[in-house]
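The exercises below concern helix packing and enclosed space in one protein chain. Each task sentence is followed by a solution that proceeds step by step.

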Amino acid sequence: MPSAFAQHLIKPLVLSRRPQDAFSVSQTLSSAHLDGGTKEKLQYSLSALNQPLSHSLVVDTIRSLAEIQHKDFLSSVADTENSLLRDAIITKLLVGLYAEGIDSYLSQATEAETEAEWWADIERSRWNLALYLLQTTPSRLFNLIRVVIQTLRVQDLPLTLSAFTPASFRNLFPSTDPRRSSALQQVLFPHLRHQSLSVTSSAILYSSFTPTLTSPGNVFAIFWRFLEPLFSLTRLPIELTRQECAFKRKELEKIRDQRAEALGYVAHMRNDLALTIQEPWHIHAFTRVLIDIAEGVTPSSFSPLERDSKPYQEPLGKLLALSTAVFTTQKLTHRCLLESEELRRPSRLTLIWPQLLLLPPLCIYTLRSAYSSRASLAELAFDAKATAENFVKGWLLDPLKDVIKTVRAGSQDGVIVQKEGIAADLAVSIPDYISFGPSANGQVKSLERMTLSLAKDQLNYDAEQLANLSNKVKLGDLTPVLQIYEEDIRSPLKSAVAGTLLRSVFIQVQKAKVDIDQTLAGIDKLLKSQELTFAFVGVAPAFGIVYLFGGTLMALWSGGRGIGKYGGKRNRYGVWSAMRRTERLLISQPKSRHHKTNGTGSSSISPLTSGLLLLSVARLRTFAEKHLPQRSRLREGFLEDVGDLENPDLGRIDKMKVIDRMWRCWGDVLGWGRIAVEGTSRR
């Protein structure tokens with residue numbers, strides 16, 4: 001089944017209707033009866049091509065067409081409908097093989113790029129290099145033992161343990177040229193076969209280690225010279241491993257460029273395919289170019305399809321050769337190229353054998369430790385459960401209930417003081433700006449009674465004066481009491497024993513108590529007005545803890561799974577990287593290793609640039625089809641822009657405008673700016 005990219009590319013070439021649909025069923029049945037079932041065979045062959053194309057299906061279809069053609073040649077009877085059906089089958093075969101070639105080049109280029117990125121990740125980190133060296137050590141030793149045994153057999157020497165000593169290795173694998181690596185070193189590090197330098201020279205010239213510059217008389221320099229052989233002994237295998245990864249990465253990048261160049265040229269031939277469908281005599285020239293590309297001969301630049309000067313020839317042989325090249329030759333060549341140089345990453349077993357070796361002891365140790373500490377673990381689990389329950393009940397549910405209660409009805413009680421206490425002290429109606437709820441009405445019980453009693457006894461107030469004094473007390477004016485207090489402090493001892501000093505002092509103490517209660521009542525009202533705010537402030541930390549804990553669990557669960565908005569950060573970072581690479585390809589126009597490009601100033605796109613561009617755009621299409629919402633404007637618009645980038649009819653300048661539009665329209669929606677900053681900071 002062709003990929004989404006191939007289907008989009010050949011969509012304009014698909015016939016709107018089948019030729020046999022133009023005829024009625026009765027005509028079809030009658031003509032099928034007259035021509036001895038030829039039409040039925042053609043219809044069956046045409047319908048069989050709706051399934052995924054394979055080499056065996058192509059061979060069977062071509063054999064069937066050849067038999068029908070031979071039969072028609074012997075009968076010398078030409079049927080227009082049969083000719084239309086036959087042309088439709090040939091066209092469908094040609095379009096299908098073209099799509100299979102596109103898919104083959106795209107998958108091979110993608111595979112080479114994926115493997116190259118894997119080797120680049122290993123090459124970047126010393127820890128990854130050391131781990132990779134450890135993982136591949138058994139296979140290297142196995143190859144060494146195998147080569148030693150083969151050499152012993154060739155030289156007719158006995159197989160003993162002494163044959164695996166360094167002295168025996170020097171005798172078995174003598175170094176004829178000290179400037180080149182020995183055969184034994186090439187067995188351990190196969191990439192040395194492609195270098196003309198010795199191991200030491202290669203490690204010095206291509207080393208990524210930067211030595212520390214120290215003066216000759218420095219103590220640290222002497223110490224470094226003493227330990228340098230030991231460091232070199234451990235650093236040399238790591239450096240050779242890094243060179244091996246770099247060699248494989250570069251070889252894979254060459255293969256990727258070759259496949260991408262072929263992909264770009266074949267994709268640009270869509271217009272030639274449309275011309276061939278309209279003018280069948282071009283089919284030989286068209287298939288000849290496709291076969292040459294499948295065999296590794298890619299033209300240096302795009303050129304129009306050459307018109308074949310020969311008369312129209314039967315295309316079945318060319319279609320069979322093209323099918324063989326697409327399904328067999330091309331794939332076999334690619335697989336042999338990767339396997340001969342061992343360019344693919346090691347097998348899964350090779351990569352995980354250290355974990356498999358260490359996992360059973362670690363599991364046994366963990367189980368034994370857990371069993372011996374089962375009592376403390378059970379207690380810890382019980383405490384964790386109780387803590388979680390108390391947290392949920394005391395810090396989430398109960399505060400939320402208080403918030404709901406406050407929102408629904410509020411509270412008539414004070415926060416700091418109760419209005420009955422103020423009413424008891426002041427013995428008056430509490431104003432609205434002080435009290436809570438309705439005013440408390442009462443008689444003079446404390447301050448008013450004490451003040452009026454003192455004024456009646458000492459000042460001989462009548463009823464009218466007492467009423468005026470009562471009103472002043474309600475307003476907080478105790479001037480008569482203060483006047484009596486001023487007279488009493490002139491002779492404090494006498495007034496304390498026989499006078500009214502104590503009574504006036506007690507009245508002022510009561511007045512201070514009432515003032516304090518009134519102040520607290522004001523504060524109480526302020527707190528009461530912000531009761532809902534305080535309720536939310538109380539529950540906010542618990543919500544923050546739950547949010548952080550839940551977000552952490554979701555990140556751990558969905559990390560690396562492509563789960564999250566628009567596929568998660570990792571997939572969006574990959575799309576951002578593909579967009580950046582696409583724009584860079586259009587600007588820089590990379591040069592082919594085999595051909596020269598027209599330069600960055602040209603509006604045309606070279607086959608290599610076009611292929612690499614399609615390789616990056618394929619990632620964009622895969623992201624949109626997998627992670628963007630179905631039947632959404634975002635998905636439809638994004639795929640339309642991707643289709644414009646895939647269109648071989650658009651030039652370099654037009655595609656640059658499409659890139660600008662995608663940055664402008666989808667950059668903020670997909671968070672490419674934030675993803676770029678986060679990706680850079682992680683590195």
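**Exercise 1.** Is the crossing of H17 and H21 left-handed or right-handed?

*Solution.* The structure is a predicted model, and the crossing of H17 and H21 in it is left-handed. To place the two helices, begin with the axes: those of H17 (residues 447-458) and H21 come within 10 Å and cross at roughly 155 degrees. Angles over 145 degrees count as roughly antiparallel, and H17 and H21 are therefore roughly antiparallel to each other. The next step is the contact itself, in which Leu447, Met450, Thr451, Ser453, Leu454 and Asp457 of H17 meet Arg503, Ser504, Phe506, Ile507, Gln510, Lys511 and Val514 of H21. Sorted by class, the residues of this contact comprise six nonpolar, four polar and three charged.

**Exercise 2.** Determine how H19 is oriented against H21, and which residues make their contact.

*Solution.* H19 (residues 479-488) and H21 (residues 501-529) have axes 9 Å apart and pack at an angle of about 135 degrees. Roughly antiparallel would require an angle over 145 degrees, and roughly perpendicular one of 65 to 115; H19 and H21 are therefore oblique to each other. The handedness of the crossing of H19 and H21 is left-handed. On the side of H19 the contact is made by Val481, Leu482, Tyr485 and Asp488, and on the side of H21 by Leu501, Ser504, Val505, Ile507 and Gln508. Six nonpolar residues, two polar and one charged make up the contact of H19 with H21.

**Exercise 3.** Describe the packing of H23 and H24, giving the orientation, the handedness and the residues that meet.

*Solution.* The axes of H23 and H24 lie 9 Å apart, at an angle of about 155 degrees. With the cut-off of 145 degrees applied once more, H23 and H24 are therefore roughly antiparallel to each other, and H23 passes H24 in a left-handed crossing. From H23 the contact includes Asn571, Arg572, Val575, Ala578, Met579, Arg581, Thr582, Leu585 and Leu586, which meet Thr609, Leu612, Leu613, Leu615, Ser616, Arg619, Leu620, Phe623 and His627 of H24. These residues divide into ten nonpolar, five polar and three charged.

**Exercise 4.** Which helices each supply at least two residues of the lining of the largest pocket, and what classes of residue does that lining hold?

*Solution.* The largest pocket has a volume of about 1400 Å³ and is lined by 37 residues, with Glu113, Glu117, Ser577, Arg581 and Arg619 nearest its centre. Four helices each supply at least two lining residues, namely H5 (80-124), H10 (219-268), H23 (568-588) and H24 (607-627). H23 gives the largest share, 13 residues. Two of the residues nearest the pocket centre, Arg581 and Arg619, also belong to the contact of H23 with H24. As to class, the lining contains twelve nonpolar, nine polar and 16 charged residues.

**Exercise 5.** Which residues line the second largest cavity, and which helix gives the largest share?

*Solution.* The structure holds four cavities of 30 Å³ or more, and the second largest has a volume of about 50 Å³. The residues lining this second largest cavity are Leu97, Tyr98, Gly101, Ile102, Tyr105, Val266, Leu290, Leu322 and Val326. H5 and H13 (316-340) each supply at least two of these residues, and H5 contributes the largest share, five residues. The lining of the second largest cavity consists of eight nonpolar residues and one polar, with no charged residue.

Conventions. Residues are numbered from 1 along each chain as its sequence is written. This is a predicted model: local features need pLDDT of at least 70, side-chain atom pairs count only at pLDDT 80 or more; totals for chains, interfaces and linings use all residues. Side-chain values use heavy atoms; hydrogens and water are left out. On a 1 Å grid over the protein atoms alone, a cavity is a set of points where a 1.4 Å probe fits but cannot get out, and a pocket is an open set with protein on both sides within 12 Å along at least five of seven lines; lining residues have an atom within 4 Å of a point. Grid points are joined across faces, edges and corners, and a volume is the space filled by probe spheres set on the points. Ala, Val, Leu, Ile, Met, Phe, Trp, Tyr, Cys and Pro count as nonpolar, Asp, Glu, Lys and Arg as charged, and the others, Gly among them, as polar. Axes are lines fitted to C-alpha atoms, for helices over the stretch in contact, and angles run from 0 to 180 degrees between N-to-C directions. Angles under 35 degrees count as roughly parallel, over 145 as roughly antiparallel, 65 to 115 as roughly perpendicular and the rest as oblique. A crossing is left-handed if the near helix is turned anticlockwise from the far one by less than a right angle, and right-handed if clockwise. Contact means heavy atoms within 4.5 Å.
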